[in-house]
Amino acid sequence: MVTINYIVGMLSIVTLISGRGSNFEAIVKTAQKERWLVKFTGVIANQATAKGLDFARSQGIPAFAIEHRDYLSRESFDAALIQQIEALGANLVVLAGFMRILTPGFIRHFEGRLINIHPALLPAFPGLHTHERALEAGATEHGATVHFVSEGVDEGPIICQASVPVLPEDDANSLAARVLAAEHQIYPRAVKWFLDGRLRIVGNQVQIQPPESQLIKL
Ligand code: GRF
């Protein structure tokens, strides 16, 4: 069992992004609306052009680019990330559209306080191009998953999922838009559960106390 250590008082979140950052924005806006006791201590992108950095700056959240291209190896890039995240202070590290595979060393370092969102109903469709693959497979339901990160790609104990219907007239864009709207609902919810100390990882499962449905159907 992985123990999640909670510190009483204001908790801090560092978010890693690669692009648009709409999930990050959804989390920040929900936190503001619901007056969460949380501090967004920083956002780090692996490319300086990531749009989400502009949103962070507009909110007074420290925004950093650590460009993976500047590093010779995954290990050295991840070491730079770890250093920056620790300097910012992070009770929780949120991967929000961060499009780099992280090393086992990074994942172990943040075990139990590292979460990700994936645009599919895991364990279905790990990896890329999930919407195209769901359509190709003739899936009638698709969705998104928030999970703790473990060493496999898009694996790890599932915190919550949202399912949406696949409609006959869907193409990858329309399906992606429906899934993204679902992502914006479940990611803030999962982060709040973590901040409230309601999550426990038991084996490969996440328990929520008090119990609440981990699947929403939209
Ligand atoms: C989301 O669909 C997320 O699930 C995937 O990448 C996309 C990022 O979108 N990993 P955004 O940057 O949060 O807008």
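Which backbone atom of N23 lies 2.9 Å from an oxygen atom of the ligand, and of what kind is it? In this predicted model, the atom is a backbone N or O atom of N23, and the partner in the ligand is an oxygen atom at 2.9 Å. Two side chains also approach oxygen atoms of the ligand. A polar side-chain atom of R20 is placed 2.5 Å from a ligand oxygen, and an N or O atom in the side chain of E183 is found 2.7 Å from an oxygen atom of the ligand. The ligand taken alone exposes 360 Å², of which 85% is buried by the protein.

The surroundings of the ligand comprise R20, G21, S22, N23, G97, I117, P119 and E183. Sorted by class, this shell contains four polar, two nonpolar and two charged residues. The two charged positions are R20 and E183, whereas I117 and P119 form the nonpolar pair. The space occupied by the ligand is the largest pocket.

The domain assignment divides the protein chain into domain 1, residues 10-110, and domain 2, residues 116-218. A distance of 20 Å separates the C-alpha centres of domain 1 and domain 2. The contact involves 20 residues from domain 1 and 16 residues from domain 2. Both domains also contribute to the ligand shell, with at least three residues drawn from each. By the assigned bounds, R20 and N23 fall within domain 1, while E183 belongs to domain 2. The polar contacts described above for R20, N23 and E183 therefore involve residues of both domains, because the bounds of the assignment place them on either side.

Definitions and conventions
Residues numbered from 1 in each chain as written. Predicted model: local features only at pLDDT ≥ 70, side-chain atom pairs only at ≥ 80, totals over all residues. Heavy atoms only, no water. Near = heavy atom within 4 Å. Polar contact = N/O pair within 3.5 Å; in protein donor to acceptor, adjacent residues only side chain to side chain. Areas by Shrake-Rupley, 256 points an atom, 1.4 Å probe, with all protein chains shown as cover. 1 Å grid on protein atoms, 1.4 Å probe; cavity = no way out; pocket = protein on both sides within 12 Å on 5 of 7 lines; lining within 4 Å. Sits in = over half its atoms within 2 Å of the grid points. Contact = heavy atoms within 4.5 Å.
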